[in-house]
Amino acid sequence: MPQMAPLNWLSLMILFISILIIFNIMNYYSFSHQVTQKPLKIKKTSINWKW
């Protein structure tokens, strides 16, 4: 039945787009970042201007 061919393409497109969206969501939320806090050392230098 050639009249039903566009429905097949539409269902395949919906399937692939949904798989892509689910894959991207899983990759976004499965990333775990290791938080490492290092003490910040601030150097304060005084500049003496000689005119």
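Buried means under 20% relative accessible area, exposed over 50%, and partly exposed in between, with a 1.4 Å probe and protein chains only. This is a predicted model, where local features need pLDDT of at least 70, side-chain atom pairs count only at pLDDT 80 or more, and totals for chains, interfaces and linings use all residues. Residues are numbered from 1 along each chain as its sequence is written, and side-chain values use heavy atoms, with hydrogens and water left out.

**Exercise 1.** Find what share of the protein chain counts as buried, and describe how the chain is spread in space.

Solution. Start with burial: of the 51 residues, 0% count as buried. Next, look at the fold, which has 1 helix and 0 strands (DSSP runs, H or I of at least four residues for helices, E of at least two for strands, numbered from the N terminus). The radius of gyration is 29 Å, well over the 10 Å of the globule rule for 51 residues, so the chain is more spread out than a compact globule. Here the radius is taken over C-alpha atoms, and the rule is 2.2 Å times the number of residues to the power 0.38. Finally, the C-alpha trace spans about 90 × 30 × 5 Å along its principal axes.

**Exercise 2.** Place Met13 in the chain and decide whether Met13 is buried, partly exposed or exposed.

Solution. First, Met13 sits in helix H1, residues 5–30. Then take its relative accessibility of 45%, which means that Met13 counts as partly exposed. Now turn to the record: an unreviewed UniProt entry lists residues 12–31 as "transmembrane region", though such annotations may be inferred rather than shown by experiment. Over residues 12–31 the chain is 95% helix and 0% strand, with the end C-alpha atoms 29 Å apart.

**Exercise 3.** Name the residues of the aromatic pair and work out its geometry.

Solution. The structure holds 1 aromatic pair (rings of Phe, Tyr and Trp, its six-membered ring, with centres within 6.5 Å; planes under 30 degrees apart are stacked, over 60 edge-to-face, the rest tilted). The ring centres of Tyr28 and Tyr29 are 5.0 Å apart and the planes stand at 85°, so the pair is edge-to-face. As a last step, check accessibility: Tyr28 is exposed at 62%, and Tyr29 is exposed at 66%.

**Exercise 4.** Locate Ile47 and find its distance from Thr36.

Solution. Ile47 belongs to the segment after H1. With a relative accessible area of 61%, Ile47 is exposed. Ile47 and Thr36 are 11 residues apart in sequence, and their C-alpha atoms are 33 Å apart in space.
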